Amino acid sequence: PSARITENTGDEETFQNGTLRPIIKFQNTLLVAAFKNYISKHKNSFYGLSNEKRFEYIENAVQKNMKFRNSLKGMVIGQFTIEEYGTYIKNSSAINKRMMNMVVERLKDQIQLFEEAIPA
């Protein structure tokens, strides 16, 4: 709601603020769970990293691991209406870039959720 859309706002930015942002927020718990699973499947090496390296790890996981990236994209695209999907397919490359950047930033902003569970 705080993202402003004016007549000068481009189509991609309008789609980002009107569609992607609410869906990514709605899917936040699932995105966090998916990243926790990714950490687990990659031998928990994330937990031994400094915060700076953890940020890089998140970026690399989302931007370079195509299987994981496609899984995240599916979690977002699966929430589109048919109209939103029509808009998406017209410029999927640019929208995918925006979408993944938003997911990366959301995961980084919640890095405290990725602390290793200490056994009781």
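Buried, as used here, means under 20% relative accessible area, exposed means over 50%, and partly exposed is what sits in between, with a 1.4 Å probe and protein chains only. R54 is a good place to try that out: its relative accessible area is 6%, so R54 counts as buried.

Before going on, a word on the model. It is a predicted one, where local features need pLDDT of at least 70, side-chain atom pairs count only at pLDDT 80 or more, and totals for chains, interfaces and linings use all residues. Residues are numbered from 1 along each chain as its sequence is written, and side-chain values use heavy atoms, with hydrogens and water left out.

**Salt bridges**

Side chains of opposite charge can pair when their charged atoms come close. The cut-off for a salt bridge is a side-chain nitrogen of Lys or Arg within 4 Å of a carboxyl oxygen of Asp or Glu. By this rule there are five salt bridges. Here are some of them:

| Pair | N to O distance |
|---|---|
| R98 and E12 | 3.5 Å |
| R54 and E115 | 3.0 Å |
| E105 and K108 | 3.8 Å |

Helices in this report are DSSP runs (H or I, at least four residues; strands would be E, at least two), numbered from the N terminus. Back to that buried arginine, R54: its salt bridge is with E115. R54 lies in helix α3 and E115 in the segment after α6, so this pair ties together parts that are 61 residues apart in sequence. E115 is partly exposed at 46% relative accessibility.

The bridge between R98 and E12 spans a longer stretch of sequence on its own terms: R98 belongs to helix α6 (residues 92-109) and E12 to helix α1, so parts 86 residues apart are tied together. Partly exposed is the label for R98, at 25% relative accessible area, and also for E12, at 28%.

E105 and K108 are a local affair, with both in helix α6, three residues apart, about one turn of the helix. E105 is partly exposed at 41%, while K108 is buried at 15%. Which residues make up the salt-bridge network that includes these two? E59 joins E105 and K108 in it.

**Aromatic rings**

A pair of aromatic rings is described by the distance of the centres and the angle of the planes. Rings of Phe, Tyr and Trp (its six-membered ring) pair if their centres lie within 6.5 Å; planes under 30 degrees apart are stacked, over 60 edge-to-face, and the rest tilted. A search of the whole structure turns up 13 aromatic pairs. One of them is F15 with F80, an edge-to-face pair at 5.5 Å centre to centre and 85° between the planes. This pair links distant parts of the chain: F15 is in helix α1 (residues 11-26), and F80, 65 residues apart from it, is in the loop between α4 (66-77) and α5 (82-90). Both F15 and F80 are buried.

There is also an aromatic cluster, formed by F35, Y38, F46, Y47, Y57, F68 and F114.

**How α2 meets α3**

Some of those cluster residues turn up again where two helices touch. Axes are lines fitted to C-alpha atoms, for helices over the stretch in contact, and angles run from 0 to 180 degrees between N-to-C directions. The axes of α2 (residues 28-41) and α3 (residues 51-64) come within 12 Å and cross at roughly 100°. That makes α2 roughly perpendicular to α3 (65 to 115 degrees; under 35 is roughly parallel, over 145 roughly antiparallel, the rest oblique). Contact means heavy atoms within 4.5 Å. On the α2 side the contact is made by F35, Y38 and I39, and on the α3 side by Y57, I58 and A61.

**Loops and backbone**

Q27 sits in the loop between α1 and α2 and is buried, with a relative accessible area of 9%. Leaving aside neighbours within four places in sequence, Q27 is in contact with M75 and Q79.

Most residues other than glycine have a negative phi, and most peptide bonds are trans. What is the phi of K43 near? It is near 60°, a positive value in a residue other than glycine. K43 is in the loop between α2 and α3 and is exposed, at 76% relative accessibility. N44 has a positive phi as well, about 55°, and is not a glycine either. N44 is in the loop between α2 and α3 and counts as partly exposed at 33%.
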